Amino acid sequence: MTDMVNHPPHYEQQSIRVEPIDILQFAPFDLGNALKYIIRSKHKGNELQDLKKAEFYLQRIVDNENFTHREHINWFAEQYGHLVRRFEGCETFEWHTWADVTRILNDVQERIETLEK
């Protein structure tokens, strides 16, 4: 049955498919790579390995903080954060600013611990 209120076919046919690269190309390098690995972690066959790679890049962000990098991350989160969270694997990572990077790193580390058990 067609849902003419919530998903009318005349709009769905015009919808644009967005791949992670279409958004992540605007992210700072380390953040873009971390998000890429989080997004694909459940789809490439080795979730643990991809989450460890994400952890590596998130840790680099935390360890190499500088004002320019922080401002770029804040800008990216403001512009594209809502789109990134739509990708499976990222929907649970709420982030809006630089300060959220450490929390996301902790979330990734918790998922790694769970998978390693």
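**Figure 1. Overview of the protein, in which buried residues make up 36% of the 117 residues.** The model shown here is a predicted one. The protein contains six helices and zero strands, and from the N terminus on its elements follow the order α-α-α-α-α-α. Taken along the principal axes, the box filled by the C-alpha atoms is roughly 50 × 40 × 20 Å. Among the contacts in the protein with a separation of 6 or more, 62% are accounted for by residues 24 or more positions apart.

**Figure 2. Close-up of the largest nonpolar core, which has 29 residues.** The core residues that touch the most other members are L35, I38, L58, F76, V84, W95 and V108. Two or more residues are given to this core by each of helix 2 (20-24), helix 3, helix 4, helix 5 and helix 6, and the largest share, six residues, comes from helix 3. For L58, once its neighbours within four places in sequence are left aside, the contacts are with A34, I38, V101, I104, L105 and V108.

**Figure 3. Close-up of the packing of helix 3 and helix 5, whose axes lie 10 Å apart.** Two packed helices are described by the angle between their axes and the distance between the axes. Here the angle between helix 3 and helix 5 is about 35 degrees, and the crossing of helix 3 and helix 5 is right-handed. On the side of helix 3 the contact is made by D30, L31 and L35, and on the side of helix 5 by H69, I73, F76 and V84.

**Figure 4. Close-up of Y37 and Y57, one of the six aromatic pairs that the structure holds.** The ring centres of Y37 and Y57 are 6.2 Å apart and the planes stand at 10 degrees, and because planes under 30 degrees apart count as stacked, this pair is a stacked one. The pair links distant parts of the chain, since Y37 belongs to helix 3 (residues 29-40) and Y57 to helix 4 (residues 47-63), with their positions 20 residues apart in the numbering. Both Y37 and Y57 are buried. The ring of Y37 also has a charged partner, for the charged end of K36 sits over this ring, 4.5 Å from its centre.

**Figure 5. Close-up of the aromatic cluster in which ring pairs link F26, W75, F76 and Y80.** A pair of aromatic rings is described by the distance of the centres and the angle of the planes. For F76 and Y80, which form an aromatic pair, the centres are 5.4 Å apart and the angle between the planes is 35 degrees, and the pair is tilted. F76 and Y80 both belong to helix 5 (residues 67-84), where they are four residues apart, about one turn of the helix. Both of these residues, F76 and Y80, are buried.

**Figure 6. Close-up of L105 and L48, two residues with contacts to distant parts of the chain.** L105 is a residue of helix 6, and because its relative accessibility is 4%, where buried means under 20%, L105 counts as buried. Not counting residues up to four places away in sequence, L105 touches E55, L58, Q59 and V62. L105 and I61 are 44 residues apart in sequence, while their C-alpha atoms are 9.7 Å apart in space. L48 is a residue of helix 4, and with a relative accessible area of 25% L48 is partly exposed. L48 touches I112, L115 and E116, with residues up to four places away in sequence not counted. The C-alpha atoms of L48 and L115 are separated by 6.4 Å, although the two residues are 67 residues apart along the chain.

**Figure 7. Close-up of R85, in the loop between helix 5 and helix 6 (100-116), and of D63, in helix 4.** R85 has a relative accessible area of 16% and is therefore buried, whereas D63, at 52% relative accessibility, counts as exposed. Leaving out residues up to four places away in sequence, R85 touches C90, E91, F93, E94, W95 and H96. D63 and G45 are 18 residues apart in sequence, and from C-alpha to C-alpha they are 29 Å apart in space.

Conventions. Residues are numbered from 1 along each chain as its sequence is written. This is a predicted model: local features need pLDDT of at least 70, side-chain atom pairs count only at pLDDT 80 or more; totals for chains, interfaces and linings use all residues. Side-chain values use heavy atoms; hydrogens and water are left out. Rings of Phe, Tyr and Trp (its six-membered ring) pair if their centres lie within 6.5 Å; planes under 30 degrees apart count as stacked, over 60 as edge-to-face and the rest as tilted. Buried means under 20% relative accessible area, exposed over 50%, partly exposed in between (1.4 Å probe, protein chains only). A charge sits over a ring if NZ of Lys or CZ of Arg is within 6 Å of the ring centre and within 35 degrees of the ring normal. Contact means heavy atoms within 4.5 Å. A nonpolar core is a set of buried Ala, Val, Leu, Ile, Met, Phe, Trp, Tyr and Cys residues joined through side-chain atoms within 4.5 Å. Axes are lines fitted to C-alpha atoms, for helices over the stretch in contact, and angles run from 0 to 180 degrees between N-to-C directions. A crossing is left-handed if the near helix is turned anticlockwise from the far one by less than a right angle, and right-handed if clockwise.
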